[in-house]
Amino acid sequence: MKTFRHLLHACALMALIAPAFAVRVGEPAPGFTAVDSNGRQQRLSDYKSKYVVLEWHNQGCPYTKKHYESGNMQRLQKEWTAKGVVWLTVISSAPGTQGFVTPSQENDYLKTMNAAPTAVLMDPGGSLGHLYGAKTTPHMFIIDPGGMLIYNGAIDDHPTSDQGDIAGSKNYVSTALQEATSGKPVTEPATRPYGCSVKYKD
Amino acid sequence: MGWKPLQCGLQCACFVLAAWTAGLVVAQAAPHTRVELISRQTALRPGSDLQLGIHFILEPGWHIYWINPGDSGQPPSLKWQLPPGFAAGEIQWPRPERMQATPELADYGYHDETLLMVPIHAPPLINNEQLRGLRFAVEAKWLVCREVCIPEHANLELFLHSGAVRENPATAKLFAGAAKLLPIAMPHGWKAEVESRKDNFLLTIAANRQLTKAIFFPLDPGQIDNPAPQTLQPTPSGAKITLKKSDLLLKPISVLRGVLAIPGGPAYRIEAPVRHPIQ
């Protein structure tokens, strides 16, 4: 029995450190448990009947700044959480790297930036990032109420760090949510995410 | 190593004037990059094309990106201001390096120093007034990264007058070096073909000899999984390379474009038709 438990733990560990777990649209999104910036446990299964957005975040990255200093990300967060979508910001920066913050630093940032995610998941060990194959900040994922991944990719179609490009951009997240919530298939479910690389632990 | 931004006052202005007359350029410094606009020729002749180049010198450890940056990053972009009738061609990208820090992602780009050459097409006639001095200007924007990424930009300019077209001795070595790094067409008789399988592409190179080492750099994002290892199987007359498909690839493609780089050897432009065998 002990050997089996060891084997189970070893397998679980392997799943976490195995390179590039493929998270494909049209397949079930991997379940997870994470701690948020208020010390509360958050599970994907807590939100079984809702649309969930995962937003990978690094406050120092020029591409993240593009969407926060312009107010674009906050607008999206407010618009969609008001419609019942769960918005989870995820920080997978390792300690000592750009984007790493303590929970209270993150809560200060949320206040200063007037951000409105449902919660911010603190992932300094990178396990949630590796589980989803998060490559950049920002990198956006959308999970439907059935637990299916329906979007994986960029926030919009202008892969630059210029705020000036936001106005003329097609926002893939809004478009996907609009389509999905009105019962239509998502027309562009997988796009190349752009931004700075996620600063994982070595 | 100090990389102080260029301080410009009267001294600088005088230097710029002197440099212009001599046909030289002034390098600009951004925090991690020195960048200059240079010309292969010393002068221009109406109707003949020029070759200009953006020369990047990066602080050690920092890199910029290829036209397909890979999983993160952004390639340099150029916005030209040219005299009437002149037109800029596309950037001629040198063969890139592959950079992989994590299992999740791999990027493509350049360290240390690179010259991005751009052909400039000249009109057949240039009026006499202009012949005394033509201004070529470019706004260059680029992302330079090491552990963090910083968007940088510079406004560069170069003045050329008309005259006998000669190679610029100050830049000849740079242009010759960059030309050697450009991917070339596959030799006559070589063939590149791709077979699409469920999770990967099989790129078969029919060459005139066995290939034991080669790296494929995809031109179009979203087709190949960048961080996945490429397995190369040498064959008597070439090689077969397995390229994992990207999770972003939802529809079949009819051609796979990219660069096949032989370490220590040439880099070849690949434009391979993709076969989808009927299951």
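Q: What makes the largest nonpolar core a core, and which residues have the most contacts inside it?
A: A nonpolar core is a set of buried Ala, Val, Leu, Ile, Met, Phe, Trp, Tyr and Cys residues joined through C-beta atoms within 7 Å. The largest one here has 101 residues. Those with the most contacts inside it are Val53(A), Met140(A), Ile142(A), Tyr151(A), Val173(A), Leu203(B) and Leu260(B). Strand β10 (residues 134-145) of chain B gives the largest share, seven residues. Domain 1 (10-182) and domain 2 (185-275) of chain B each supply at least three. The model is predicted: local features need pLDDT of at least 70, side-chain atom pairs count only at pLDDT 80 or more, and totals for chains, interfaces and linings use all residues. Residues are numbered from 1 along each chain as its sequence is written, while chains are lettered from A and ligands numbered from 1 in the order in which they are written.

Q: How do you know whether Leu156(B) is buried or exposed?
A: Count the other C-beta atoms, placed from the backbone, within 10 Å: 20 or more is buried, 12 or fewer exposed, in between partly exposed. Leu156(B) has 21, so it is buried. The residue is found in strand β11 (residues 149-160) of chain B. Leu156(B) and Ile38(B) are 118 residues apart in sequence, yet 9.5 Å apart C-alpha to C-alpha.

Q: What makes two residues a contact, and which residues does Ile142(A) touch beyond four places in sequence?
A: Their C-beta atoms, placed from the backbone, must lie within 7 Å. Ile142(A) is in contact with Tyr51(A), Val53(A), Ile150(A), Tyr151(A), Val173(A), Ala176(A) and Leu177(A), sequence neighbours within four places aside. Between chains, 18 residues of chain B are in contact with 23 residues of chain A. The chain B side has 10 nonpolar, four polar and four charged residues. Here Ala, Val, Leu, Ile, Met, Phe, Trp, Tyr, Cys and Pro count as nonpolar, Asp, Glu, Lys and Arg as charged, and the others, Gly among them, as polar.

Q: How do you know where the domains of chain B begin and end?
A: The bounds come from an automatic or database domain assignment. Domain 1 is 10-182 and domain 2 is 185-275. Their centres, taken over C-alpha atoms, are 30 Å apart. Domain 1 of chain B puts 12 residues into the contact, and domain 2 of chain B puts in 11.

Q: What counts as a helix or a strand, and how many of each does chain A have?
A: Both are DSSP runs, numbered from the N terminus: helices are H or I with at least four residues, strands E with at least two. Chain A comes to six helices and nine strands.

Q: Why are β4(A) and β5(A) called paired?
A: Pairing needs at least two DSSP bridges between two strands. Strands β4 (residues 86-91) and β5 (residues 119-122) of chain A are joined by four, and they run parallel. That passes the cut-off, so they pair. Leu88(A) stands opposite Ala119(A) in β5(A).

Q: What makes β2(A) and β8(A) edge strands?
A: Each pairs on one side only. The open sheet runs β2-β1-β5-β4-β3-β7-β8 in chain A, with mixed pairing. Its twist averages 30 degrees from one strand to the next. Helix α6 (residues 172-181) of chain A packs on the sheet, touching β3, β7 and β8, and makes about 170 degrees with β8(A). Such angles run from 0 to 180 degrees between N-to-C directions, with axes fitted to C-alpha atoms, for helices over the stretch in contact.
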